[in-house]
Amino acid sequence: MTPWDLAYLAAAPPYAAIMGYKRLRHGKYRDSLPSMLGRRLPSPPLPAVERCWLHSVSVGETVASGALFRELHSHKPVWRFLSTTTTETGQAQAHKSLPGIERHTYAPLDFSWVVRRFLAAHRPSLYVVLETELWPNLLGECRRRGLPAYLANGKLSARSAARYERLAPLFRPALSAFRLLLMQNDEYAERMARVVGSDRRIRVTGNVKFDALPEPLTPDERTAMRAEWGVGAGEMVLVAGSTHEGEEDLLVSTVAELRAAGLPLRLVIAPRHPERFDAVAERLAKRGPSHRLSAGPAPPGGAPVLLLDKMRVLGRAYGGGDVAIVGGSWNGTGGHNVLEPAVHGLPVLFGPDMHNQPELVRILDAARALLQVPRGSLAEVLARLTGDAGERARLGAAGRAAAEANRGAAKRTAELLLADYDGA
């Protein structure tokens, strides 16, 4: 048993209580927990072949891992691939984003005995983790086995960097398992260098998420989507994606105010978490006419508020709108992916709290492609955009151009990773 095991066991009771509540209340962890605890392992173990283990946490990282997988597979078609996620929504996304994977499962909890059983059963030849999942027992076991580890699309916030720096003597032995630390930008690279105490393994490759964007809808696809939503001629559609508690009320109230002023608006709301679909539907029904798209197409000229209660469709659904609104930015969550709507050429609005997406915001803001809107100004900004097709077109074109200009990170990441692995 390692010191990290003892720390995890000491912290287990409150975390177990939280997980138990979420399992009972929202159905979370029912599918993932057995695998995370080291059950449902392949028996007998997977064949001893060249196998790349790709790990991502949730939906956004899993979508990005699809772009990296395609690059790696194009160079190494004989390799087999193991995909793991931490969340159940990420697992569902992995089955969509990563076709041709030998095995999909959940990452093991970072207890040393669970990690050892997982590695013995799955027999990976290298471990590639996206963004920044630094689990010390897992990395320590990789180091002991001589299993090369790579951090891809790495990011490190100022808060996380400060925490890791304070614990650097404890983390550095585990971090030595990484042969390369491939970071999204110079700022993240500098922070990582302070944590690991060296910059020899650190490279800047850009953000792989730019290579995992959906293709813009064709005119026919856009027309069909809007017909499914019952959108009439002259109506403008606001697509609000990845919304959280409290944000639906803000958006519905704002749109009701603007419609009362005579603006022809439709609102499509896509909550971030599927376990909230029913609760959001009930709340919308109490506030006025609404329609759940899972029940079928909306009638023409029908409810002004549509609930997009379907999984893994938001990236394309943005293409049916005229303005995109990215949630998680008015309630302290820290925001979500602004690239998915930008690639469709839509103006992108979000609230004041985007601390989880600083790199994406920086790139698109530099292109003058974003509008950060305080809660109290949302109605004013939407009214202005509704009446100004020129501003909508300018913002949308700038966002699409910035997204296209920043592609290529997946190719750079794969090339550096393979050059190191093949040369080891």
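The paragraphs below go through the sheet, the nonpolar cores and the salt bridges of this structure.

This is a predicted model, in which local features need pLDDT of at least 70 and side-chain atom pairs count only at pLDDT 80 or more, while totals for chains, interfaces and linings use all residues. Residues are numbered from 1 along each chain as its sequence is written, and side-chain values use heavy atoms, with hydrogens and water left out.

Begin with the sheet. Seven is the strand count of an open sheet with parallel pairing, in the order S10-S11-S9-S8-S12-S13-S14. Strands here are DSSP runs of E with at least two residues, helices are runs of H or I with at least four, and both are numbered from the N terminus. Two strands pair if DSSP finds at least two bridges between them. Strands S10 (290-292) and S14 (370-372) are the edges; each has a single partner strand, so one side of each is left without a neighbour in the sheet. On average, neighbouring strands of this sheet are turned by 20 degrees against each other, direction ignored. Within the sheet, S8 (residues 236-243) and S9 (residues 265-271) pair in the parallel sense over 7 bridges, and Leu238 stands opposite Leu267 in S9.

Helix H16 (residues 378-386) lies across S8, S9, S12 (323-326), S13 (348-350) and S14. Its direction is at about 170 degrees to S13; axes are lines fitted to C-alpha atoms, for helices over the stretch in contact, and angles run from 0 to 180 degrees between N-to-C directions.

The sheet strands also feature in the largest nonpolar core, which has 36 residues. A nonpolar core is a set of buried Ala, Val, Leu, Ile, Met, Phe, Trp, Tyr and Cys residues joined through side-chain atoms within 4.5 Å. Buried means under 20% relative accessible area, exposed over 50%, and partly exposed in between (1.4 Å probe, protein chains only). Among the residues with the most contacts inside this core are Trp229, Val239, Val268 and Phe350. Elements that each supply at least two of its residues include S8, S9, S12, S13 and helix H17 (389-405). Helix H15 gives the largest share, 4 residues. Leaving out residues up to four places away in sequence, Trp229 touches, among others, Val237, Val239, Val268 and Leu306, where contact means heavy atoms within 4.5 Å. A second, separate core of 32 residues includes Val115, Leu138, Ala161 and Leu181.

Charged side chains come next. A salt bridge is a side-chain nitrogen of Lys or Arg within 4 Å of a carboxyl oxygen of Asp or Glu, and by this rule the count comes to 26. One of them joins Glu141 to Arg144, with the closest N and O atoms 3.1 Å apart. The two residues are 3 apart in helix H6 (residues 136-145), and are therefore separated by about one helical turn. Glu141 is buried at 7% relative accessible area, whereas Arg144 is exposed at 52%.

A similar spacing applies to Lys411 and Glu415, which lie 4 residues apart in helix H18 (residues 409-423), about one turn of the helix. Their salt bridge has an N to O distance of 2.6 Å.

Arg194 and Glu165 form a salt bridge whose closest N and O atoms are 3.3 Å apart. Arg194 belongs to helix H9 (residues 186-196) and Glu165 to helix H7 (residues 158-166), so the pair ties together parts that are 29 residues apart in sequence. Arg194 is partly exposed at 43% relative accessibility, and Glu165 is partly exposed at 33%. Elsewhere, Arg51, Arg80 and Glu102 are linked in a network of salt bridges.
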